[in-house]
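The following exercises concern a ligand and the space that holds it. Each task is followed by a solution in steps.

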Amino acid sequence: MASRSKVPFPERAARHSHPVAKRLFSIAEAKKSNLVISADLTDSKKLLSCADDLGPYIAVFKSHVDLVSDFDDSTIQGLKDLAAKHNFMIFEDRKLVDIGSTVQKQYHGGVMRISDWADIVNLSVLGGDGIVEALDETVTSPDFPYRDQRAFLILAEMTSKGSLAVGSYTEKCVELARKFPRSMMGFVATRALNEQKEEGDAASGGEEDFVVFTTGINMASKGDKLGQQYQTPASAVERGADFIIAGRGIYAAADPVEAAKRYQAAGWEAYVKRTQG
Ligand code: 6AU
């Protein structure tokens, strides 16, 4: 396969070994959107209104449900219904980071029941291989009720100033993703990390095609007062982002629907340029 960033989503969907990646690329193509809204909202009503209003323009809805003060079963059901209504996937930005045994319980069960409703969840490999092994074990177990419907993104770089997720740490993330292709679909990173290996080199014995989600996207600001650093949709996609994650640039805009349409158009235009260029 040519450098993956040049390959259009339908082809990547057809060739990808992971069902969640296939679905994700297919949704993006159908909606002409590689936009992920980061809905850092603090109550269920706001969260669900955001999902309903912006649903037509996004491929993925990203939540931080621990911010939602009245989070309960109706929040979950509401999100699931809206995901079906608008054809988007749900990404819980949980950043799991503990030892293997603990993250298994945080992911599958617990107060948030993340595995019941989030198609995609991210994690940090600060603790080494154990977290990845543990989550892989959970989602590939014959008893897991959502087999082939769940995937993870490894947080390989961070957008905040002074981030320590660089160099050998980031390389370790790539190594672990290669080792667990049945559960690790890709990365949250500021650029493509998977251009080193091509056809036939992946641990799975097949092609390697990690999906790259890039956050820190804002068309009007360079950053915030707390260390967040932004780039535009075009620059992120040029650097290898497949999906762009934007939060305040959209939901805090005067007209969030208009902003979502603009970010969707900018992200998609950059993707088309990259794959056709
Ligand atoms: O667009 P913003 O700045 O309003 O929101 C950015 C969102 C927040 C962060 O928790 C998240 O993206 N994020 C992440 C993720 C997605 O894992 C990683 C990172 O390095 N930087 C970052 O901002 O919900």
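**Exercise 1.** Determine which distance separates a polar side-chain atom of D40 from an oxygen atom of the ligand, and examine the contacts of K95 and N122 likewise.

*Solution.* The model is predicted. Step one: a polar atom in the side chain of D40 is 2.9 Å from a ligand oxygen. Step two: for K95, the distance from a side-chain N or O atom to an oxygen atom of the ligand is 3.2 Å. Step three: for N122, the corresponding distance is 3.1 Å. Step four: the ligand taken alone exposes 520 Å², of which the protein buries 93%.

**Exercise 2.** Describe the shell of residues that surrounds the ligand.

*Solution.* Begin with the count: 18 residues surround the ligand, and the closest are K62, T159, T215, Y230 and R248. Next, sort the shell by class: 5 residues are nonpolar, 7 are polar and 6 are charged.

**Exercise 3.** Identify the space taken by the ligand and characterise its lining.

*Solution.* First, the ligand takes up the space of the largest pocket. Second, the volume of this largest pocket is about 420 Å³. Third, its lining comprises 27 residues, with D40, D93, T159, T215 and Q228 the closest to the pocket centre. Fourth, the elements giving two or more residues to this lining are β3 (89–96), β8 (243–246) and α10 (248–251). Of these, β3 supplies the largest share, 3 residues. Finally, a division of the lining by class gives 10 nonpolar, 10 polar and 7 charged residues.

How values were computed: Residues numbered from 1 in each chain as written. Predicted model: local features only at pLDDT ≥ 70, side-chain atom pairs only at ≥ 80, totals over all residues. Heavy atoms only, no water. 1 Å grid on protein atoms, 1.4 Å probe; cavity = no way out; pocket = protein on both sides within 12 Å on 5 of 7 lines; lining within 4 Å. Points joined across faces, edges and corners; volume = space filled by probe spheres on them. Helix = DSSP H or I, 4+ residues; strand = E, 2+ residues; numbered from the N terminus. Nonpolar A, V, L, I, M, F, W, Y, C, P; charged D, E, K, R; others polar. Near = heavy atom within 4 Å. Polar contact = N/O pair within 3.5 Å; in protein donor to acceptor, adjacent residues only side chain to side chain. Areas by Shrake-Rupley, 256 points an atom, 1.4 Å probe, with all protein chains shown as cover. Sits in = over half its atoms within 2 Å of the grid points.
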